[in-house]
Amino acid sequence: MPLTRRHALAAAVCAAAASATGSAWADAYPAKPITLVVAYPAGGDTDALARLFAEKLATRVGQPVLVDNRPGASGIIGSAFVSKAAPDGYTLLLAPSTFSIAQLVLKTGGTSGYDVLAGFTPIVQTGSQPLFLVAGAGSGFASLKDAVAAAKPGKPLGYASPGSGSPMHILGEMFARASGASLAHVPYKGVAPAVNDVLGGHVPVTFITLGPVAPYFANGKLRALAVASAQRTPLAPNVPTLAEQGYKDVEVTAWNGLWGPRNLPPEIVKTLNGHFNEILKMPEIVSRMAVLGTTPVGGEAEVLGKTNAADYARFGKVIKELGIQAD
């Protein structure tokens, strides 16, 4: 047999073996518990979604799925942890869209140890979340106009966010530019502490997702003044958009998605993506996500990768234009 034919035959055998090995690996996955990292404290909407997904995924794969909260530095600490994990599908990250932009605001350079665009493997975009401007009862604001009027030069209006570099932080600065209002960013280590301080009257307003604040609308402890989406959201149809109230092009929509470390095998990505697309169709999941202010997205892994890249480019430009930095 000529040498070239021997090489070709050997290559074909190796390829077949590799394919069979990969298929067997995918069939065997997972063979032990999965850790789902949330880079924020317990009690926020990302944490709530993670626990919701973990329960359903565990049932589907027959292995425990453990939620591991690793808060700090606007999600950078938890994200860095996952980026350094073995790419075997047993350490995953459920991240909100702060993931795309926190590094740009905190100016961590290479100290965070990961690349937002190339340092992770996208698996699935789990949801989309409109952002709201919400006022506490103690603020006395009955409308967006009231809030803008109170935000005077020399006496800035404080707004809470879940952290520097969050979409809520960026939205606040975009709104300040569009409205001319004098605003002061007050960052917190997650959604729950930010909402608690608005409820307590320590900060008058917040830019936030719907889930953590909706329960307080009925009892009057909080009031939604505007939503920062192109159209009104069916999750809160009575809340007018910023555009309706004269502030066009101030639109920011948050999202959340599932990531693995860089070089996660395609077989594992396909397995997890398939499970999550089925989970996101479950009626009880859809209804529970609505309570958390989130609309399911799903789709191929590339959807999450493209969403992340688009936000990184768009908000990178906004951050530079406005000179946004961590507080």
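**Close-up views of a predicted model**

**View 1. Y159 and F207 form an aromatic pair between two strands**.
Both Y159 and F207 are buried. The model shown here and in the other views is predicted. F207 lies in strand β7 (residues 205–209) and Y159 in strand β5 (residues 157–161), so their pair ties together parts of the chain that are 48 residues apart in sequence.

**View 2. F99 and F120 belong to a cluster of rings**.
A pair of aromatic rings is described by the distance of the centres and the angle of the planes. The chain has nine aromatic pairs in total. In one of them, F99 and F120 meet edge-to-face, with 5.0 Å from centre to centre and 75° between the planes. F99 comes from helix α4 (residues 98–106) and F120 from strand β4 (residues 120–136), and the two residues are 21 residues apart. F99 counts as buried because its relative accessibility is 5%, under the 20% cut-off. F120 is buried as well, with a relative accessible area of 6%. Ring pairs also bring Y114 and W259 into a cluster with F99 and F120.

**View 3. Two charged side chains sit over aromatic rings**.
K32 lies over the face of Y90, at 4.7 Å from the ring centre. R70 is placed over the face of F81, and its distance from the ring centre is 3.6 Å.

**View 4. Helix α4 crosses helix α6**.
Two packed helices are described by the angle between their axes and the distance between the axes. The axes of α4 and helix α6 (residues 167–179) come within 9 Å and cross at roughly 65°. An angle from 65 to 115 degrees counts as roughly perpendicular, which is how α4 lies to α6. On the α4 side, T98, I101 and V105 make the contact; on the α6 side, P167, H169 and I170 do.

**View 5. Helix α3 is largely enclosed by the rest of the structure**.
Six of the eight residues of α3 are buried. These are I76, G78, S79, A80, V82 and S83. The elements that cover them include the strands β1 (34–38), β3, β4 and β9 (253–261), along with helix α4.

**View 6. G89 is a buried glycine in a loop**.
The loop that holds G89 runs between α3 (76–83) and β3 (91–96). G89 has 0% relative accessibility, so it counts as buried. Its C-alpha atom is separated by 7.8 Å from that of P30, although the two residues are 59 residues apart along the chain. Leaving aside neighbours within four places in sequence, G89 is in contact with Y29, I34, L264 and I268.

**View 7. Helix α8 has the span expected for its number of residues**.
Helix α8 (residues 266–279) has 14 residues, and at 1.5 Å a residue these should span 20 Å. The C-alpha atoms at its ends are 20 Å apart, which agrees. Its buried residues are I268, V269, L272, N273, H275, F276, N277 and I279. An α-helix has 3.6 residues a turn, so residues three or four places apart point the same way.

**View 8. The whole chain gives the setting for the close-ups.**
The secondary structure comes to ten helices and ten strands. Of the 327 residues of the chain, 50% count as buried. Among contacts between residues at least 6 apart in sequence, 80% join residues at least 24 apart.

Conventions
Residues numbered from 1 in each chain as written. Predicted model: local features only at pLDDT ≥ 70, side-chain atom pairs only at ≥ 80, totals over all residues. Heavy atoms only, no water. Phe/Tyr/Trp six-rings, centres within 6.5 Å; stacked < 30°, edge-to-face > 60°. Helix = DSSP H or I, 4+ residues; strand = E, 2+ residues; numbered from the N terminus. Buried < 20%, exposed > 50% of the residue type's maximum accessible area, 1.4 Å probe, protein only. Lys NZ or Arg CZ within 6 Å of the ring centre and 35° of its normal. Expected span 1.5 Å × (residues − 1). Axes fitted to C-alpha atoms, helices over the stretch in contact; angles between N-to-C directions. Parallel < 35°, antiparallel > 145°, perpendicular 65-115°, else oblique. Contact = heavy atoms within 4.5 Å.
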